[in-house]
Amino acid sequence: MIIKAVEHGIKPDCEVSEKLNALLSSLAEADEEKTLVFEKGEYYISAEKCPEKMLYITNTIGENEFKKGETPPAHLQRVALYFENIKNLKIEGNGACFIIDGKATNAAIRDCENISVNNIEIKVVKPDIHELKVVGKGLFYVDFKIDRETQYYVENGALYFKGNGYCYNAMKKYKTAWHIAQIRKKTPEKMKRVGHLFINAVKCKDLSNGKIRVYYTGTSKFSKDDIYYAYDVRRQYAGIFVENSKNISLCSVAQRFNYSLAFVAQNTENISLDKLDFSTGTGAVRKMASCADFIQICMCKGKISVTNSYFDGAGDDLLNVHGMHLKIQSVNENRVVVRFMHPQSYGYNAFNVGDEIAFISPQSLAEKGRAIIKASRMINEYDIELELDNAGAARRGDAVENITMCPEVYFANNNSTRIITRGLLLTTRGKVTVENNLFKSTTMSGILLSNDAKSWYESGPCKNVTIKNNTFEYCGGTPILIYPENSVHSEYIHENITIDGNAFKAYSGCCVKAKSSRGITLSGNTYANKNHISTTNCADIYEK
């Protein structure tokens, strides 16, 4: 069945918010195969006219990040394109560009199956991110040029940013921000986190024509032509959010800006991402496309593939694939109550009947036993009660990992630059292949194999990893870091890791650093210096 958007009043160069979401809602009525076709052109979406949904999105904002009485609630969000309970749908965009005015999650795909989205672009009008370039300085002042899209004014010595859905005192707001992004003139392809832009600011003066003068107690940290990005670090909105779904495919999808994670999925099976362009695009006024990770995959299963894509300007990792460690609160016969521990990840249930879980020591990350889930229910936003076939190995204070929700990962033929933390953060038991990629300018490691049950609570061990034929042009940290966050070594956590045919061009220290791991093979790589690998509590290390 072919459905033409234009026949439903969804035409280029028009505001389409309500008609578009009404059409998407109607697509849940029939499970037959269908293709929704858009004409090429620009479609305008007003956030104020989009549906409001409660979205508990992993690794995004938590309730405790809002002040008392501040609105809206953390998880109540506008959604520009909302898909729910839809099966067997192909979106053919033909180059359609959806332009969102106001703060919203770009798209949400929930409880869907066999969804394919092709050939679309998503932009945001004058988003709440602001580029300030140093154009002059003195001993106690810095002159900034503000990007041409930003609306601002100066009142009583304070700088205000304003736009659709926001207006605030930036001098006050960014004093409490966690971090700000910086690009130095001498390293234009490198973006890093730095201290708060206005932390020592005294007052601001408007010099007109997009220039301001900010007075400081000292200006030694500023250099002419350096660029700073000021933005709200609270991850209240997302780019494309997927949950409780199966067989989701994106091809030739471009996202030019999002307020947190550009693509995030939880409790979903099989995801294919091909020919993505997550960058601000040619001629854009900014170089930062995402305030947080480009791709975050949490408690998913099946196969995750990311191929032939371009990533430029992320406020966190390029790709993070992980499960979650939930802490055991109580054990009553075969009923176990587990709790989300990280304040940015909670509110959803990815424990399904028939899934297998492992009991994990938070200190050693050693597995202490397994069980099968017979029933699962959420008690509240943080606690889940599991009925198990056998809770004999469960102990209060230990963690559980859903080892069924551990996908395979294929990451190939991708280019990336200006990644503010790591390239890939991988903590999954499924087979991982990373090949033929360019990692250019990660401020931290190019690839991190982690696993922890005490801080971010992101699980679990990597059991089969191949990293081959990649180029690491610059890594601010160890290019490949194999580093589970165990405080006690009682067994090997990561294993069977092959690092073959890679080019390591610029880094400090050693090329590979590992702990509590075994079965690491290095072969056919080229190195920038002689320090190839450093290990702690490792075994079966081979260099060929």
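Contact is taken here to mean heavy atoms within 4.5 Å. The structure described is a predicted model, and the account begins with a loop residue, Thr-150.

Thr-150 lies in the loop that runs between strand S11 (141-146) and strand S12 (151-155). Leaving out residues up to four places away in sequence, Thr-150 touches Ile-129, His-130 and Phe-161. Two polar contacts involve the side chain of Thr-150: one, of 2.9 Å, is made with the side chain of His-130, and another, of 2.8 Å, joins it to the side chain of Asp-147. His-130 therefore appears both among the residues touched by Thr-150 and as a polar partner of its side chain, and Thr-150 itself is classed as buried because its relative accessible area is 11%, with the limit for burial set at under 20%.

A second buried residue with a polar side-chain partner is found in strand S47 (residues 517-523), namely Ser-523. The relative accessible area of Ser-523 is 15%, so this residue also counts as buried, being under 20%. The side chain of Ser-523 makes a polar contact of 2.6 Å with the side chain of Asp-500. Beyond its neighbours within four places in sequence, Ser-523 is in contact with Ile-499, Asp-500, Gly-501 and Lys-544.

Asn-349 occupies the loop between strand S29 (335-339) and strand S30 (356-360). Its side chain has polar partners of two kinds. A polar atom of the Asn-349 side chain lies 2.9 Å from the backbone nitrogen of Phe-351, and the side chain also makes a polar contact of 2.8 Å with the side chain of Ser-376. Asn-349 and Ser-376 are 27 residues apart along the chain, and their C-alpha atoms are separated by 8.1 Å. With neighbours within four places in sequence set aside, the residues in contact with Asn-349 are Asn-267, Ser-376, Arg-377, Met-378 and Ile-384.

The nonpolar interior was examined next. In soluble globular proteins, nonpolar side chains tend to be buried together. The largest nonpolar core of the model comprises 81 residues, of which Leu-36, Phe-38, Phe-263, Ile-295 and Ile-297 touch the most other members. Strand S7 provides the largest share of this core, with five residues. Apart from this core lies another, of 26 residues, including Leu-132, Ala-158, Met-171 and Ile-180. Within the largest core, the surroundings of Phe-38 can be given in full: not counting residues up to four places away in sequence, Phe-38 touches Ala-5, Ile-10, Leu-20, Tyr-43, Ile-91, Glu-92, Gly-93, Asn-94, Ala-96 and Phe-98.

A search of the whole structure finds one cavity of 30 Å³ or more, and the volume of the largest cavity is about 140 Å³. Its lining is formed by 16 residues, with Leu-81, Phe-83, Ala-107, Val-117 and Ile-120 lying nearest the centre. By class, the lining has 16 nonpolar residues and neither polar nor charged ones. At least two lining residues are supplied by each of helix H1 (17-26), strand S6 (76-84), strand S7 (87-101), strand S8 (105-110), strand S9 (113-125) and strand S21 (246-255). Among these elements, S9 gives the most to the lining, with three residues. S7 is thus represented in the cavity lining as well as in the largest nonpolar core.

Several features of backbone geometry complete the description. Most residues other than glycine have a negative phi, and most peptide bonds are trans. Lys-126, although not a glycine, has a positive phi of about 40 degrees. This residue is found in the loop between S9 and strand S10 (129-137). Lys-126 is classed as partly exposed because its relative accessible area is 39%, which falls between the limits of 20% and 50%. A positive phi, near 55 degrees, is also found at Ser-252, which is placed in strand S21. Ser-252 has a relative accessibility of 24% and so counts as partly exposed. The peptide bond from Ser-459 to Gly-460 is cis, with omega near 5 degrees. Gly-460 lies in the loop between strand S40 (458-459) and strand S41 (465-468).

How values were computed: Residues numbered from 1 in each chain as written. Predicted model: local features only at pLDDT ≥ 70, side-chain atom pairs only at ≥ 80, totals over all residues. Heavy atoms only, no water. 1 Å grid on protein atoms, 1.4 Å probe; cavity = no way out; pocket = protein on both sides within 12 Å on 5 of 7 lines; lining within 4 Å. Points joined across faces, edges and corners; volume = space filled by probe spheres on them. Helix = DSSP H or I, 4+ residues; strand = E, 2+ residues; numbered from the N terminus. Nonpolar A, V, L, I, M, F, W, Y, C, P; charged D, E, K, R; others polar. Buried < 20%, exposed > 50% of the residue type's maximum accessible area, 1.4 Å probe, protein only. Polar contact = N/O pair within 3.5 Å; in protein donor to acceptor, adjacent residues only side chain to side chain. Core = buried A, V, L, I, M, F, W, Y, C linked by side-chain atoms within 4.5 Å.
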